[in-house]
Amino acid sequence: MTVEFKNSETKENLMRAFAGESQARNRYTIAAEQAAKMGHHVIEAIFRYTADQEKEHAEIFYQHLKSLSGENIQIDGSYPVDLADDIGSLLRKAQHNEYEEHDDVYQNFADKAREEEFYEVESSFRLIAEVEKIHGDRFGRYADYVEQNQLYSSDEKTSWFCLNCGYIFEGTQAPPTCPSCHEQGYFIRASQSPYESECTLK
């Protein structure tokens with residue numbers, strides 16, 4: 001079913017997605033600031049890292065609207081209020097929203113784009129949906145650590161990597177403070193750190 005883009009539902013779905021990704025970026029930036037105040041700098045880094053990716057998603061959706069530059073697109077939609085006093089709840093709320101985008105929202109948007117024969121838009125929705133699943137898995141993993149009191153401890157001997165200075169420690173628990181720089185909150189499991197292959201003790 002060929003539809004003129006300016007009259008399509010896909011155009012509205014792209015604007016909904018742009019609005020949603022933009023709000024997610026701000027929610028995660030706010031959550032990062034809260035995590036930093038609590039001394040959980042690894043959680044701060046995860047929220048900021050994800051926020052940057054949400055900004056890129058927003059830009060991808062926005063660029064698909066370029067042919068309508070100068071116009072206004074009226075949309076309706078509901079967006080979450082994810083405020084909480086504890087870091088575990090913030091992570092769980094983020095996980096829920098990422099899974100919702102993957103499981104439902106972007107799949108439906110992709111199906112509509114295909115129906116209206118906007119195949120590049122369909123591809124963007126499906127590819128970004130897969131990234132949202134990765135985001136949800138990551139938020140869920142760290143929510144588990146927080147809830148199980150294992151953010152800085154492990155049942156097995158583990159390499160811990162300081163995100164701030166790069167110091168590496170091996171043990172079942174991250175040191176209370178990094179002997180090189182700052183507090184415990186910068187330690188992440190080396191296997192989950194950026195460039196993890198460089199974080200293994202020889």
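The expected span of a helix is 1.5 Å times one less than its number of residues. Helices (H or I, at least four residues) and strands (E, at least two) are DSSP runs, numbered from the N terminus. The model is predicted: local features need pLDDT of at least 70, side-chain atom pairs count only at pLDDT 80 or more, and totals for chains, interfaces and linings use all residues. Residues are numbered from 1 along each chain as its sequence is written, and side-chain values use heavy atoms, with hydrogens and water left out.

**Exercise 1. Lay out the elements of the protein in chain order.**

Solution. Start with the inventory: four helices and three strands. Then read from the N terminus: α-α-α-α-β-β-β. For the extent, take the principal axes; the C-alpha atoms fill a box of roughly 60 × 35 × 30 Å.

**Exercise 2. Check the span of helix α4 against its number of residues, then do likewise for helix α1.**

Solution. Helix α4 covers residues 119–147, which is 29 residues. At 1.5 Å a residue it should span 42 Å, and its end C-alpha atoms are 42 Å apart, so the values agree. Just after α4, N149 has a positive phi of about 55°.

Helix α1 covers residues 9–37, again 29 residues. The expected span is 42 Å; the end C-alpha atoms lie 42 Å apart, which agrees. Now look at its ends. At the start, a side-chain oxygen of S8 comes within 3.0 Å of the backbone nitrogen of K11. Just after α1, G39 adopts a positive phi of about 85°.

**Exercise 3. Describe how α1 packs on α2.**

Solution. Axes are lines fitted to C-alpha atoms, for helices over the stretch in contact, and angles run from 0 to 180 degrees between N-to-C directions. The angle here is about 165°, with the axes 8 Å apart. That makes α1 roughly antiparallel to α2 (under 35 degrees is roughly parallel, over 145 roughly antiparallel, 65 to 115 roughly perpendicular, the rest oblique). By class, the contact of α1 with α2 holds 15 nonpolar, five polar and seven charged residues. The crossing is left-handed (the near helix is turned anticlockwise from the far one by less than a right angle; clockwise would be right-handed).

**Exercise 4. Describe how α1 packs on α3, and give the residues that meet.**

Solution. The angle is about 165° and the axes are 12 Å apart. α1 and α3 are therefore roughly antiparallel. Their crossing is left-handed. Next, list contacts (heavy atoms within 4.5 Å). Those in α1 include E9, R16, E21 and Y28. Those in α3 include I87, L90, E101 and F109. The contact of α1 with α3 divides into 10 nonpolar, four polar and seven charged residues (Ala, Val, Leu, Ile, Met, Phe, Trp, Tyr, Cys and Pro count as nonpolar, Asp, Glu, Lys and Arg as charged, and the others, Gly among them, as polar).

**Exercise 5. Describe how α2 packs on α3.**

Solution. Helix α2 (residues 41–63) and helix α3 (residues 87–115) pack at about 25°, with axes 12 Å apart. That makes α2 roughly parallel to α3. The crossing is left-handed. I43, F47, E54 and F61 in α2 meet residues of α3, among them L91, A94 and E98. The classes of the contact are eight nonpolar, no polar and two charged residues.

Methods: Polar contact = N/O pair within 3.5 Å; in protein donor to acceptor, adjacent residues only side chain to side chain.
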